[in-house]
Amino acid sequence: MPSADINPIIPGFSPDPSIVQIDGTFFLVTSTFHLFPGLPIYASKDLISWKHIGNAFNRQEQLSLAMSGTTIWPRDDSPGGTGDCMLATGGLYAPTIRHKDGVTYIVCTNILQPLFDVKENFVISTTDIWSNKWSDPIYFSFDGIDPSILFDDDDRAYIQGSAAPGPMTKINLFEVDLKTGKKLTEEKTIWEGTGGIYPEGPHLCKKDGWYYVMISEGGTHENHMITVARSKELWGPYDAYENNPILTARGTDEYIRYTGHCDMFQDQEGKWWGVCLGVRKEKSTGSYIMGRETFLTTGKWDEGEWPSLNQVKSNPVLRDGSAFLRPEGTPRLSAEPLVEYLYIRDAILKDHKFSDDSKSITLTASKGDLSQWTDPVTFVGKRQRELDGQSSVSMDIISAPADSNLKAGLAYYKDEHRFVKMFYDYSTSSVVIEIYNKAKDISRTSKVNMLLNEKDVIHFCVEYTETKLLFSYRSGADKQGAWASLSSVDALDMTGPDFVGPVIGVFATSQIPDVQVPFNHLEVN
């Protein structure tokens, strides 16, 4: 059942938010890493109801995600460590959105894996953010990630970003021509943070005669925090706030944790807010099945003073102490048709054909499977948006060639190392579930024999809560029949320190080309 809480304002896979107000409407963008289309744009008038209006990276010719593989880092067995492996996915990292003189800009980094030392930094722009028409990238030279833009009083544009190498990155600044990507100054380090690992996600602004730089430190998980420094001069030196960090959930038992990567802004009445990433961490098990989501919190930034942010709660606390609540019946998130669908890396889009009414999808099976990243995979799905909910689909059984080894069905997907597949295996005439997490050495398969014939229908369903996933199936045209449980999966099996979140959709693989599989009524919530 949908939550009545304000937070998260963008539920599901939505890390690294950045926000701008244009003509009374707020526009927010988040990271997407290895998925296409990338950099979703959400719009809201009131910070409560949001609409997914498009994606800034929506044409494959804009750039390639072919090198956005996922690297499994060594297990953290240090004193006080989690004992888990972190998974670092390449692709589109931490965008920043800004607006100037009728043009909306997004700066971002495309990380190429497994090298990770190749970082394509770029700016894209539009003169009509509602149109879903964004420019091709203009690249600029920067050996780092998380670029942001400051437009100074003289209208010059400055890029600030997290300069390599890690883990003790530095915040560097340089002037740039946004039309050409040409650097107009040398880079200068303006701040190194307060000592936490990975100083990143910088946002520089000018207020009351001061330049303020706000960053994230401590890594994007348990020790995540927001710190700030300021200077009277753009190029520094920058002095750290003595009461840093201004936002963190480390060392607490807060339900909303890992808070960081914040963008502060004012509403139409001049009140201060922050949007940040965080996770909803279930206290009894430690699972955070939705991954990093976008949260809203209140703040304060009086004239000449340092900024402050309130602890992130399910409902933000206003300055008078009252809670910012969602009016009854107010929707959280809606979307324009088709903009929510996601593909993996440089997918072959013509192999995913939607009907005119978007109620059915015909997949042309790929040879490449979900367990690898070098070849295209036939998969399309949506972000899981509800913490407690379900997703389902119906699949028509076809007459498959005997040597096709066709497998098709429903997938719960994070990356090539972590997924659950429930499918009909044509070669063995069985319903199969595969549960795979290479980072946790999990690989389980079970199946139920079921001979189905051409024109039969099979239905797949996954139900989810904070602590488990339940995969079920049923056959026949009757949509009201009883579900047969195939497997229950502990949420911890798909939880771990990573960058991405769950996407639920349909897939098809075959060892021979041009095998087409029809799906109907894919519903993801």
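Here is a walk through this structure, from the whole chain down to a few aromatic side chains. Please keep in mind that the model is predicted.

Let's start with the overall build. The protein chain has zero helices and 39 strands. Its C-alpha trace spans about 75 × 45 × 45 Å along the principal axes. How does the radius of gyration fit with a compact globule? For 525 residues such a globule would come to near 24 Å, and the protein chain has 23 Å, so the two agree. Buried residues account for 58% of the 525 residues. The contacts add to this picture: among those between residues at least 6 apart in sequence, 58% join residues at least 24 apart.

Now turn to one of the sheets. Strands of a sheet pair through backbone hydrogen bonds, either parallel or antiparallel. In the sheet to look at here, seven strands are laid out in the order S27-S28-S39-S30-S35-S36-S37, with antiparallel pairing, and the sheet is open. At its edges you will find strand S27 (352–354) and strand S37 (484–490), each of which pairs on one side only. From one strand to the next, the twist averages 20°. If you zoom in on the S27 edge, you can follow how S27 pairs with strand S28 (residues 360–364): the two are antiparallel and share three bridges. One residue to pick out there is His352, whose bridge partner in S28 is Leu363.

The aromatic side chains make a good next stop. A pair of aromatic rings is described by the distance of the centres and the angle of the planes. This model has 23 aromatic pairs. One of them joins Phe122 and Tyr139 edge-to-face, with 6.1 Å from centre to centre and 65° between the planes. This pair links distant parts of the chain, since Phe122 belongs to strand S10 (residues 118–126) and Tyr139 to strand S11 (residues 138–140), 17 residues apart. Are these two rings buried or exposed? Phe122 has a relative accessible area of 2%, so this residue is buried. Tyr139 is at 37% relative accessibility and therefore counts as partly exposed.

Elsewhere, aromatic residues gather in a group: Tyr212, Tyr241, Trp272, Trp301 and Trp306 make up one aromatic cluster.

Finally, look at where charged side chains meet rings. Lys183 lies over the face of Phe174, 4.6 Å from the ring centre. Arg230 lies over the face of Trp210, at 3.8 Å from the ring centre.

Technical notes
Residues numbered from 1 in each chain as written. Predicted model: local features only at pLDDT ≥ 70, side-chain atom pairs only at ≥ 80, totals over all residues. Heavy atoms only, no water. Pairing = 2+ DSSP bridges. Helix = DSSP H or I, 4+ residues; strand = E, 2+ residues; numbered from the N terminus. Axes fitted to C-alpha atoms, helices over the stretch in contact; angles between N-to-C directions. Phe/Tyr/Trp six-rings, centres within 6.5 Å; stacked < 30°, edge-to-face > 60°. Buried < 20%, exposed > 50% of the residue type's maximum accessible area, 1.4 Å probe, protein only. Lys NZ or Arg CZ within 6 Å of the ring centre and 35° of its normal. Rg over C-alpha atoms; globule rule 2.2 N^0.38 Å. Contact = heavy atoms within 4.5 Å.
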